Amino acid sequence: MEFTHFLKHYLSIIYYASKTLKNGNHPLMLRIIQNGQTKYVSLGVNINPNF
């Protein structure tokens, strides 16, 4: 019997409103979901909440 395993990958850009930086801005994060495991990576971009 052969089982075929398909890898599922999802990428999303997240406005991380729950995290406020010292300057009052919120970071943009890249959310990577691979085989049910989630990892967040900072994009190095901060957004002013008034924007």
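## A side chain reaching for Ala 17

Let's start with His 26: a polar atom of its side chain sits 3.3 Å from the backbone oxygen of Ala 17. That fits the idea of a polar contact, a pair of N or O atoms within 3.5 Å (within protein, one must be able to donate a hydrogen and the other to accept it, and residues adjacent in sequence count only if both atoms are side-chain atoms).

Before going on, note that this is a predicted model, where local features need pLDDT of at least 70, side-chain atom pairs count only at pLDDT 80 or more, and totals for chains, interfaces and linings use all residues. Residues are numbered from 1 along each chain as its sequence is written, and side-chain values use heavy atoms, with hydrogens and water left out.

## Around His 26

His 26 belongs to strand 2 (strands are DSSP runs of E, at least two residues, numbered from the N terminus). Its relative accessible area is 9%, so His 26 is buried (under 20%, with a 1.4 Å probe and protein chains only). Leaving aside neighbours within four places in sequence, His 26 is in contact (heavy atoms within 4.5 Å) with several residues, including Tyr 15, Tyr 16, Val 45 and Pro 49.

## Next door: Asn 25

Asn 25 is in the loop between strand 1 (9–15) and strand 2 (26–34). Asn 25 counts as buried because its relative accessibility is 16%. Again skipping neighbours within four places in sequence, Asn 25 is in contact with Lys 19, Thr 20, Asn 46, Ile 47, Asn 48 and Pro 49.

Methods:
Helix = DSSP H or I, 4+ residues; strand = E, 2+ residues; numbered from the N terminus. Buried < 20%, exposed > 50% of the residue type's maximum accessible area, 1.4 Å probe, protein only.
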